[in-house]
Amino acid sequence: MSPAFVWPVRAYYEDTDAGGVVFYANYLKYMERARTEWLRHLGISQERLRQEQGVIFAVRAASLEYLRPAVLDDLLHVTARVTDRRRASLVIRHEIWRRYETETPELLNHGEVKIACLDAGKFAPRPLPDLIVDAMTAGDPEQ
């Protein structure tokens, strides 16, 4: 299992419902952004992948469990960790933690997202490009 990538985000007014609670669908947006930033951290641009490799990613399945609500102004840490890698897909486990200055972090949400690697023109499964596999496994003693 790869180490977790952590992306910090603040819960803004636009993320909340009338009660000041983060709207449930926004957790998926936070997870999507964390995956994008994880790829950037690995030196991979999704737009360059599309243009140069003809590869795009699509969510195949998502499963989330909501434990506690995030509210306006919360500082959240969204993690992304690859838990399974297949020829043309990845399973990414996400956790969303509320971070405090002085208190223990609190797990608010967790889930898994299965990402399919697709040919950008045909929308058919395609093997993960070597540059992604190489970037993911660099420095990982289990690979």
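Because Arg 48 and Glu 52 are four residues apart in helix 2 (residues 46-53), about one helical turn separates them. In this model, which is a predicted one, Arg 48 forms a salt bridge with Glu 52, and the closest N and O atoms of the pair are 3.1 Å apart. The two partners fall into separate accessibility classes: Arg 48 is partly exposed, with a relative accessible area of 47%, whereas Glu 52 counts as exposed at 54% relative accessibility.

## Salt bridges

Side chains of opposite charge can pair when their charged atoms come close. With a side-chain nitrogen of Lys or Arg required to lie within 4 Å of a carboxyl oxygen of Asp or Glu, the count for this structure comes to ten salt bridges. The table lists some of them, including the helix 2 pair already described.

| Acidic residue | Basic residue | Closest N and O atoms |
|---|---|---|
| Glu 52 | Arg 48 | 3.1 Å |
| Asp 84 | Arg 86 | 3.0 Å |
| Asp 119 | Arg 126 | 4.0 Å |

In the pair formed by Asp 84 and Arg 86, Asp 84 is partly exposed, with a relative accessible area of 26%, while Arg 86 counts as exposed at 53% relative accessibility. In the pair formed by Asp 119 and Arg 126, Arg 126 is partly exposed, with a relative accessible area of 25%. Salt bridges that share partners also join Arg 68, Asp 74, Arg 98 and Glu 106 into one network.

## The sheet

Strands of a sheet pair through backbone hydrogen bonds, either parallel or antiparallel. Here an open sheet of five strands has the order 1-3-4-5-2, and its pairing is antiparallel. Strand 1 (5-10) and strand 2 (55-66) are the edge strands, each of which pairs on one side only, and from one strand to the next the twist averages 25°.

Taking the sheet from the strand 1 edge, strand 1 and strand 3 run antiparallel and are joined by six bridges, with Val 9 having Leu 76 in strand 3 as its bridge partner. Strand 3 and strand 4 then pair in the antiparallel sense over ten bridges, and a hairpin joins these two strands through three residues. Within that pairing, Arg 85 has Leu 90 in strand 4 as its bridge partner. Strand 4 (residues 89-99) and strand 5 (residues 106-119) likewise pair in the antiparallel sense, over ten bridges, and Ile 96 stands opposite Asn 109 in strand 5.

## Helices across the sheet

Helix 1 (residues 26-41) lies across strand 1, strand 2, strand 3 (75-85), strand 4 and strand 5, and runs at about 130° to strand 1. Helix 3 (residues 130-137) lies across strand 2, strand 3 and strand 4, running at about 115° to strand 3.

Met 136 is found in helix 3 and counts as buried at 12% relative accessibility, because the class covers values under 20%. Leaving aside residues up to four places away in sequence, Met 136 touches Trp 38, Leu 42, Val 82, Arg 85 and Leu 90, so that its contacts include both members of the bridge pair Arg 85 and Leu 90. The C-alpha atoms of Met 136 and Glu 32 are separated by 17 Å, the two residues being 104 residues apart along the chain.## Phe 57 and a nonpolar patch

Phe 57 is found in strand 2, which is one of the edge strands. With a relative accessible area of 22%, Phe 57 is partly exposed, because a residue must fall under 20% to count as buried. Not counting residues up to four places away in sequence, Phe 57 touches Leu 39, Gln 46, Leu 49, Ile 115, Ala 116, Cys 117, Leu 128 and Ile 132. The C-alpha atoms of Phe 57 and Tyr 12, which are 45 residues apart along the chain, are separated by 27 Å.

On the surface, Phe 23, Tyr 24 and Tyr 66 make a nonpolar patch of about 340 Å². Among these residues, Tyr 24 lies in the loop between strand 1 and helix 1, and Tyr 24 is exposed, with a relative accessible area of 52%.

Definitions and conventions:
Residues numbered from 1 in each chain as written. Predicted model: local features only at pLDDT ≥ 70, side-chain atom pairs only at ≥ 80, totals over all residues. Heavy atoms only, no water. Pairing = 2+ DSSP bridges. Axes fitted to C-alpha atoms, helices over the stretch in contact; angles between N-to-C directions. Contact = heavy atoms within 4.5 Å. Buried < 20%, exposed > 50% of the residue type's maximum accessible area, 1.4 Å probe, protein only. Patch = residues over 30% accessible without salt bridge, like charges linked within 9 Å, V, L, I, M, F, W, Y side chains within 5 Å. Areas by Shrake-Rupley, 256 points an atom, 1.4 Å probe, with all protein chains shown as cover.
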